[in-house]
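Dear colleague,

Please find the structure below, followed by notes on what was found in it.

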Amino acid sequence: MYCHLHPQIRAYEANPKPVGLAFGGTIGNERIFLDEDFSGVLVRHHAVDKTYQHGSLIPNQGYLPVEASVLDVEVWGLGGEATKRQQNMYKKREDIFSEQRRKVDLKTFASWEDSPEKMMMDMMSDPNTVRREDR
């Protein structure tokens, strides 16, 4: 099973993950995919799948993906409070990692006074000013 929501912290992703609930197949090529608002389902045919046997999942499917509307969804929650706590801990950890990736440590960069950009800007502001370079 694969479940992915919109990330809370927006970050660029070269290959964004599909938003919804999926079963079987691989990410981006799921065997059964429910879209994010559970209004539609897409069923694909796969030759190789670790979740389901090869071949069609619905009668007369063929090799092309089949789209359909969803009328009802039944959800069961299993695992209890311990599982919920573990899930919340994992989510907090992912949020912390995402926040750390967004922060830039300015100490890793050289100071403005020593940068070639500052020297170029100073030269452009008044090119006739005499400057002494320390070596």
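**Notes on the model**

Of the protein's 135 residues, 16% count as buried. Please keep in mind that this is a predicted model. The accessible surface amounts to about 12100 Å², and carbon and sulfur atoms account for 56% of that area.

The protein has 2 helices and 5 strands, and their order along the sequence is β-β-β-β-β-α-α. As for contacts between residues at least 6 apart in sequence, 28% of them join residues at least 24 apart.

**β4 and its partners**

β4 covers residues 40-43 and pairs with β3 as well as with β5. With β3 (29-35) the pairing is antiparallel, over 3 bridges. Within this pair, V41 of β4 has L34 opposite. With β5 (66-69) the sense is again antiparallel, over 4 bridges. Here S69 in β5 is the bridge partner of G40.

The side chains of β4 divide between two directions: G40 and L42 point one way, V41 and V43 the other. Are these four residues buried or exposed? All of them are buried.

**The turn at F38**

β3 and β4 form a hairpin, with 4 residues between the two strands. F38 sits in that loop and has a positive phi of about 55°. Its relative accessible area is 31%, so F38 is classed as partly exposed; the band for that class lies between 20% and 50%. F38 also helps make a nonpolar surface patch together with V73 and V75, and the patch measures about 260 Å². Residues qualify for a patch with over 30% relative accessible area, a cut-off that F38 passes with its 31%.

**Q61**

Where is Q61 placed? Q61 belongs to the loop between β4 and β5. With a relative accessible area of 7%, Q61 is buried, because the limit for that class is under 20%. A polar atom of the Q61 side chain lies 3.3 Å from the backbone oxygen of V43, a residue of β4 that is itself buried. Neighbours within four places in sequence aside, the contacts of Q61 are V43, R44, H45, S56 and V66.

If you look at one region only, I would suggest β4, with the F38 turn and the Q61 loop on either side of it in the sequence.

Regards

Technical notes: Residues are numbered from 1 along each chain as its sequence is written. This is a predicted model: local features need pLDDT of at least 70, side-chain atom pairs count only at pLDDT 80 or more; totals for chains, interfaces and linings use all residues. Side-chain values use heavy atoms; hydrogens and water are left out. Patches are made of residues with over 30% relative accessible area and no salt bridge: like charges are joined within 9 Å, nonpolar side chains (Val, Leu, Ile, Met, Phe, Trp, Tyr) within 5 Å. Accessible areas come from the Shrake-Rupley method with a 1.4 Å probe; for residues, only the protein chains shown count as cover. A salt bridge is a side-chain nitrogen of Lys or Arg within 4 Å of a carboxyl oxygen of Asp or Glu. Buried means under 20% relative accessible area, exposed over 50%, partly exposed in between (1.4 Å probe, protein chains only). A polar contact is a pair of N or O atoms within 3.5 Å; within protein, one must be able to donate a hydrogen and the other to accept it, and residues adjacent in sequence count only if both atoms are side-chain atoms. Contact means heavy atoms within 4.5 Å. Two strands pair if DSSP finds at least two bridges between them.
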